[in-house]
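Q: I am new to this structure and would like a close look at a single helix. Please choose one and take me through what surrounds it and what comes after it.

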Amino acid sequence: MPVDLTAPPPPEYFEPVPCYFCGSTNREHFETAQEDLTGKPGDFTFVSCRDCGLVYQHPRLTIDHIKDYYDDEYVAHRKNQSWGVLAPFFEWLMTKLDRDKDAIVSDAFPLNENTHVLDVGCGAGGFLAHIQKHYGCPCTGVDFKDLSQVIAELHPEQSIDFKCGTLAEVDLEPGSFDLVTMWHFLEHDYDPLNTLQVARRLLKPGGQMVIEVPRLDSVSHTLYRDRWPGWQAPQHTVALDKEQFIRMMDLAGLEVVDYLPYGAYPGYFYMYAGLAFKRHKGKGLDLSKSIKTYLLGQILTAPVMLFEKRLNLSMQTIVCRARETN
Ligand SMILES: [Zn+2]
């Protein structure tokens, strides 16, 4: 039965969860967050592990009950046709995001027609379509929502192998990918360490992974605290600072090749959204209405954003590879 999203989720929809990293149930309250983006009611609690310091959502909605929060409004899954007159702007924004992902990946790994790429949490497939178009990479996308139709409609020229399910569920050949990407996926995962371990086994020898997540110890969190867009409650399961993000790779048997204090996702979005969330206090944003202020702010802050890579506004990215076992 679908969740009634007009009322706070009742206690029986939640389940307790031990620390994702050390398994401890010894924890303390860290922050209470709300669903600030669309304003669905409910309070969601993030705790910090007393044994290892990881910040994670506890209790969390069960898998069956979280699915309804990934509705059609969810931007990664949204077809640009539904944006009406704003479709060209959305198109520009999304292709800019794909170009910025391309820049991060290309810095780390040379892409060509022999580079087998897997994007985990691929959404509507924009990134994969972009790199296939420009470099001819064979591409596979995994998402827990069945987006095969959306991908086929949005990118009719490209051929993307789509698999529906979690990474642990879908059938993929171990050792078959040169590059695995996770753009704002890992912080949604219900078993993130296991997902990383599965991804590690899918890498060819010499293969690399590029993983972007929000950064807890960032300027936007310091400014907005309980209204920090990086909580994205109830969808986000963990909130990682730099230290825990690096530690996570180690726990999953991965070796960090590079750490970037920024991502492809614009740091400005969190700066803007946090300010709007503070004003609306959990009532939600109407993105199509606030688009003018968003653009105006983007223009006014453009000179500062030139230095975004040094400002630690809101995102972080790790490039890593399988750690060699002795
Ligand atoms: Zn822990």
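A: What follows is a close look at helix α3, with another helix and a loop residue added for context. The model is a predicted one, and helix α3 covers residues 126-135. Of the 10 residues in α3, 7 are buried, so that the helix is mostly covered, a residue being counted as buried if 20 or more other C-beta atoms lie within 10 Å of its own. These buried residues are Gly126, Phe127, Leu128, Ala129, His130, Ile131 and Gln132. Among the elements that cover them are the helix α2 (87-108) and the strands β6 (117-120), β7 (139-143), β8 (160-164) and β9 (177-183). After α3 comes glycine 136, whose phi is positive, near 75°.

Helix α9, residues 291-305, offers another picture, for it is hardly covered, and the count of buried residues among its 15 residues is 0. Its end C-alpha atoms are only 18 Å apart, short of the 21 Å that a straight helix would reach at 1.5 Å a residue. In α9 there is also a kink of about 40° at isoleucine 299, shortly before proline 303.

Outside the helices, arginine 227 lies in the loop between α6 (219-224) and β11 (238-239). Arginine 227 is buried because 23 other C-beta atoms lie within 10 Å. When its neighbours within four places in sequence are left aside, arginine 227 is in contact with Asp36, Gly274, Phe277 and Lys278.

Key: Residues numbered from 1 in each chain as written. Predicted model: local features only at pLDDT ≥ 70, side-chain atom pairs only at ≥ 80, totals over all residues. Helix = DSSP H or I, 4+ residues; strand = E, 2+ residues; numbered from the N terminus. Expected span 1.5 Å × (residues − 1). Bend = angle between axes of the 7 residues up to and from the residue. Buried ≥ 20, exposed ≤ 12 C-beta atoms within 10 Å, placed from the backbone. Contact = placed C-beta atoms within 7 Å.
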